[in-house]
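Open the model in your viewer and keep the selection box handy. We will go from the whole chain down to single residues.

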Amino acid sequence: MAKILIIGACGQIGTELTKKLREVYGTDAVIASDIRKGDPEFVASGPFEVVNALDFNQIETVIEQNNVEEVYLMAALLSATAEKNPAFAWDLNMNSLFHVLNLAKAGKIKKIFWPSSIAVFGPTTPKQNTPQYTVMEPSTVYGISKQSGERWAEYYHNIYGVDIRSIRYPGLISWSTPPGGGTTDYAVDIYHKALADGKYTCFLSEETRLPMMYMDDAIRATVEIMQAPAENIKIRSSYNLSAMDFTPKEIAEAIKKEIPDFTIDYAPDFRQKIADSWPQSIDDSSARQDWGWKHDFDLNSMTVDMLEHLSVK
Ligand code: AKB
């Protein structure tokens, strides 16, 4: 049986993607992997391999021994962490991608999913309704690595016929898995703190508008782009993808509808500069047109769902 390998499966997206892909393709068809074993319950829930995304031989061995045909490369250092360790972020974000691209070029795997991000845009990009094709001068290490990755993805597709598919994720919000090292992480923390303490100090200023998406939508988009017929995937760098955009003040207002006593204050830190360099909203008409993307959740429906799940957790 042909298998799927998820590299970086213990992270925020990887954990939920593993669960979804196992629902769709069966537990045994999906091998989760990460540099170390994470949550024991997750590790025991299906096939798991310890794989360092920077170790080409390790990845190749797991692929060859398990008849892996598709790889989802989710390992990466996100924006805030990458600023603190630029050299390692560049190494991890670029070389893990080259490893899977070269395995596909050599015919060892048939299909790759690799996530890009709204971080590919920069301060000179139009901020509202940011188009698919526009000025891209990212000013963060993470954004530079994702922008370079997009160029290589398209190059490997055009020159070597590699079937790589990608989405520029906005900030992702999930009740079940914590984010790690991103600038948009406040939009997850705020729900936890609202329930635990009734108040939250935000590391971005109240009017900082950013594109965001509920994890359910992001996972569905990932599965859908991978299932789409190859001829529908017309963009081989990465697709803009959008669902909602809001400011810290607006998410606080949405929470107040459910928890009236909730209060927020603001103490912007180094992440403010990163957020200020990113778009405020995204035009994702190419994804909607090419492979039928459609989001389900907006700020209010996400807030109700988040608080409901976190209250019973
Ligand atoms: C981050 O904040 O770094 C990520 C992203 C937008 O890619 N969530």
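Here is a tour in five stops, with something to select at each.

Before you start, note that this is a predicted model: local features need pLDDT of at least 70, side-chain atom pairs count only at pLDDT 80 or more, and totals for chains, interfaces and linings use all residues. Residues are numbered from 1 along each chain as its sequence is written.

**The whole chain.** Show the protein chain as a cartoon and you should find 12 helices and 14 strands (DSSP runs numbered from the N terminus, with at least four residues of H or I for a helix and at least two of E for a strand). The radius of gyration, taken over C-alpha atoms, is 19 Å, close to the 20 Å from the globule rule for 313 residues, so the chain is as compact as a globular protein of that length. That rule is 2.2 Å times the number of residues to the power 0.38. Along the principal axes, the C-alpha atoms fill a box of roughly 55 × 45 × 40 Å.

**The annotated domain.** Now select residues 4-233, which an unreviewed UniProt entry annotates as "domain: NAD-dependent epimerase/dehydratase"; such annotations may be inferred rather than shown by experiment. This span is 43% helix and 17% strand, and its end C-alpha atoms lie 20 Å apart.

**The core.** Next, pick Ile6, Ile7, Leu73 and Ile112, the residues with the most contacts inside the largest nonpolar core, which has 95 residues. Such a core is a set of buried Ala, Val, Leu, Ile, Met, Phe, Trp, Tyr and Cys residues joined through C-beta atoms within 7 Å; buried means 20 or more other C-beta atoms within 10 Å. Helix H5 (residues 86-105) supplies the largest share of this core, seven residues. Zoom in on Leu73: beyond four places in sequence, its contacts (C-beta atoms within 7 Å) include Ile7, Val100 and Trp114.

**The ligand.** Which residues surround the ligand? Select Leu78, Ser79, Ser117, Ile118, Ala119, Tyr142, Tyr169, Gly171, Leu172, Gly182, Thr183 and Thr184, each with its C-beta atom within 6 Å of the ligand. Colour this shell by type to see six nonpolar, six polar and no charged residues, with Gly counted as polar.

**Pro211.** Finish in strand E11 (residues 210-214), where Pro211 is found. Is Pro211 buried or exposed? Pro211 is buried, because 25 other C-beta atoms lie within 10 Å. Its contacts beyond four places in sequence include Ile118 and Gly171, two names you met around the ligand.

Notes:
Buried ≥ 20, exposed ≤ 12 C-beta atoms within 10 Å, placed from the backbone. Contact = placed C-beta atoms within 7 Å.
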